[in-house]
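Visitor: Could you take me through one part of this model in close detail? I would like to follow the aromatic pairs, and then whatever you find worth adding from elsewhere in the chain.

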Amino acid sequence: MAVTDRSVTSRIVAQQIEFVMHHSVSARTMRRRLQQSGLSARRPLLDLPLTQNHILLRRQWCDERRMWTVEWNEVVFTDESRICLQHHHGRIRV
């Protein structure tokens, strides 16, 4: 299951093993076994590591637009974040 669906937690794998094999396995043991098999959990990257070239290009882009006044009125800023307050939106974070 963990091989085909990388979003499955070690707790869910442990529950499936207990259901199928009728043998209790802790989530911690499952994490260790998955790690030993090269299937360790992945944490989301909080920020992108910037190379010196990226930093230079960003600085150049900002410098070119430093004196913009009227042009900024034509720019549309978007945020791709999605917030659902009423119910779970069904997305799975990896």
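Guide: Happy to. This is a predicted model, and counting ring pairs with centres within 6.5 Å gives two aromatic pairs. A pair of aromatic rings is described by the distance of the centres and the angle of the planes. For W61 and W72, the ring centres are 6.3 Å apart and the planes meet at 65°. Planes over 60 degrees apart count as edge-to-face, so that is the label for the pair of W61 and W72.

Where do W61 and W72 lie? W61 belongs to helix α3, which covers residues 52–64, while W72 is in the segment after α3. Their pairing therefore ties together parts that are 11 residues apart in sequence. As for accessibility, W61 has a relative value of 42% and counts as partly exposed. W72, at 29%, is also classed as partly exposed. W68 joins these two, and W61, W68 and W72 make up one aromatic cluster.

W61 has another partner to look at. R65 sits in the segment after α3, and its side chain comes to 3.1 Å from the backbone oxygen of W61. The side chain of R65 also makes a polar contact, at 3.1 Å, with the side chain of E64.

Now let us turn to helix α1. Its 12 residues run from 10 to 21. From the first C-alpha of α1 to the last is 16 Å, close to the 16 Å expected at 1.5 Å a residue. Which residues of α1 are buried? They are S10, V13 and A14. These buried residues cover an arc of only 100° around the axis, which puts them on the same side of α1. There is a general reason to look for such spacing: an α-helix has 3.6 residues a turn, so residues three or four places apart point the same way. The buried residues of α1 pack against α2, residues 27–36. On the face turned away from the buried side, α1 carries the exposed residues R11 and F19.

The last stop is H22, just after α1, in the loop between α1 and α2. H22 has a positive phi of about 55° although it is not a glycine. Is H22 buried or exposed? Its relative accessibility is 70%, so H22 counts as exposed.

Notes: Residues are numbered from 1 along each chain as its sequence is written. This is a predicted model: local features need pLDDT of at least 70, side-chain atom pairs count only at pLDDT 80 or more; totals for chains, interfaces and linings use all residues. Side-chain values use heavy atoms; hydrogens and water are left out. Rings of Phe, Tyr and Trp (its six-membered ring) pair if their centres lie within 6.5 Å; planes under 30 degrees apart count as stacked, over 60 as edge-to-face and the rest as tilted. Helices (H or I, at least four residues) and strands (E, at least two) are DSSP runs, numbered from the N terminus. Buried means under 20% relative accessible area, exposed over 50%, partly exposed in between (1.4 Å probe, protein chains only). The expected span of a helix is 1.5 Å times one less than its number of residues. The arc is that of the directions from the helix axis to the C-beta atoms. Contact means heavy atoms within 4.5 Å. A polar contact is a pair of N or O atoms within 3.5 Å; within protein, one must be able to donate a hydrogen and the other to accept it, and residues adjacent in sequence count only if both atoms are side-chain atoms.
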